[in-house]
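Take a look at the model below. This report walks through how protein and DNA meet in it.

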Protein chains: 2
Amino acid sequence: MRIPIQINENSAEPLYHQIETQLRSLIISGQIEEGTLLPSIREFAGGLNCSVITVRRVYQDLENEGLLRTRQGTGTFVAGVGEQARAQFKHDAVFKALEAAVDTAQSVHCSEEELRSMFFKIVEKKYGGKGGEIGGESSD
Amino acid sequence: MRIPIQINENSAEPLYHQIETQLRSLIISGQIEEGTLLPSIREFAGGLNCSVITVRRVYQDLENEGLLRTRQGTGTFVAGVGEQARAQFKHDAVFKALEAAVDTAQSVHCSEEELRSMFFKIVEKKYGGKGGEIGGESSD
DNA sequence: TATAGTGTGTATAAAGATATATACACTAAG
DNA sequence: CTTAGTGTATATATCTTTATACACACTATA
């Protein structure tokens, strides 16, 4: 099984964190099926051009999260992801992305009104502009 | 002088790196004028809710880049930014952004042809699709 | 059954990067 | 000189990453 992980050498984000984030996403999104045998830590490390220990840490962290199941001498497998965990993951991913966007807006002194306007415009464009305009007070 | 730095607590990007990147941008873009006295490391650290040493490192790094001028017992000032440095900064910023975009393309197995096609389309859209195509007198 | 071989994950030690607290040194002003 | 403001140096803890050696599990084969 080839695992498509993309490492950005220039990023200040720690290596293990880049791998962990992407692998977690692949598992929870279902792109890697439950029960799949992941590459050995040596093979994975070779492909990513990093140390065996770094991959080991990723596997261990994700096992602690319940996403992986590891057996010494045998290998590391993808565990089942409950619907609750999947929902939690989606929520967190969206929440963090929005949070970052709002931070950026504030850093350039964008007003709340401007921000809301931009957001509605983007949502309307990306989602087709029909659905959930709940409480639609902003018709601008 | 208030320095608008936005810290993302959740980011895996090191604290000093977040501060450094944003302050560098403020200086080179000219949003902070040459000769400006920056906050003392204690005042700055207090505002950012971090250690004095972290701010000290940022000031030192930027001084090594020639962007700041520091005098013990007095304070830290913004140095002049030459046109060359400004150009270099712009170049690096664009280069890194493009690099990241290409990395992303590769991570989703986008072919070079597709990538080039998308790029040309975007450039045409963003720049109006008229002017300098392959002129060659670019800086570099 | 026994055992050697090759594959797996695991433990230990060490180096470098990041962040902090605390004490020290310099400068300007009273 | 004293004082209150600057930046600076030292020691320390934690995080990130690595190299190396060790322990466990399957399998071929005698």
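Which polar backbone atom is 2.9 Å from a phosphate oxygen of DNA strand C? The atom belongs to S51(B). Keep in mind that this is a predicted model.

**DNA strand C**

DNA strand C is surrounded by 23 residues. The closest are R42(A), R56(A), L15(B), I53(B) and T54(B). Of the strand C atoms that come within 4 Å of the protein, 64% are sugar and phosphate. A base is touched as well: a base oxygen of DNA strand C is 2.6 Å from an N or O atom in the side chain of R42(A). T76(A) also takes part, with a polar side-chain atom 3.3 Å from a phosphate oxygen of DNA strand C.

Some elements give two or more residues to this surface. From chain A they are α2 (41–48), α3, β1 (68–71) and β2 (75–78). From chain B they are α1 (15–28) and α3. The most comes from α3(B), with three residues. By class, the surface near DNA strand C has seven nonpolar, twelve polar and four charged residues.

**DNA strand D**

Around DNA strand D there are 23 residues. L15(A), I53(A), T54(A), R42(B) and R56(B) are the closest. Sugar or phosphate makes up 65% of the strand D atoms within 4 Å of the protein, and bases make up the rest.

The table lists contacts to phosphate oxygens of DNA strand D.

| Residue | Part of the residue | Distance to a phosphate oxygen of DNA strand D |
|---|---|---|
| S51(A) | backbone N or O atom | 3.1 Å |
| T54(A) | side-chain N or O atom | 2.6 Å |
| T76(B) | side-chain N or O atom | 3.4 Å |

Which elements give two or more residues to the surface near DNA strand D? In chain A they are α1 (15–28) and α3 (52–64). In chain B they are α2 (41–48), α3 (52–64), β1 (68–71) and β2 (75–78). The largest share, three residues, comes from α3(A). The surface near DNA strand D divides into seven nonpolar, twelve polar and four charged residues.

**Two helices of chain B**

Now turn to how α2(B) and α3(B) pack. Their axes come within 8 Å and cross at roughly 115 degrees. The crossing is right-handed. On the α2(B) side, the contact is made by I41(B), R42(B), F44(B) and A45(B). On the α3(B) side, V52(B), V55(B), R56(B) and Y59(B) make the contact. By class, this contact has six nonpolar, no polar and two charged residues. R42(B) and R56(B) also appear among the residues closest to DNA strand D.

Methods. Residues are numbered from 1 along each chain as its sequence is written. Chains are lettered from A and ligands numbered from 1 in the order in which they are written. This is a predicted model: local features need pLDDT of at least 70, side-chain atom pairs count only at pLDDT 80 or more; totals for chains, interfaces and linings use all residues. Side-chain values use heavy atoms; hydrogens and water are left out. A residue is near a molecule or strand if one of its heavy atoms lies within 4 Å of it. A polar contact is a pair of N or O atoms within 3.5 Å; within protein, one must be able to donate a hydrogen and the other to accept it, and residues adjacent in sequence count only if both atoms are side-chain atoms. Helices (H or I, at least four residues) and strands (E, at least two) are DSSP runs, numbered from the N terminus. Ala, Val, Leu, Ile, Met, Phe, Trp, Tyr, Cys and Pro count as nonpolar, Asp, Glu, Lys and Arg as charged, and the others, Gly among them, as polar. Axes are lines fitted to C-alpha atoms, for helices over the stretch in contact, and angles run from 0 to 180 degrees between N-to-C directions. A crossing is left-handed if the near helix is turned anticlockwise from the far one by less than a right angle, and right-handed if clockwise. Contact means heavy atoms within 4.5 Å.
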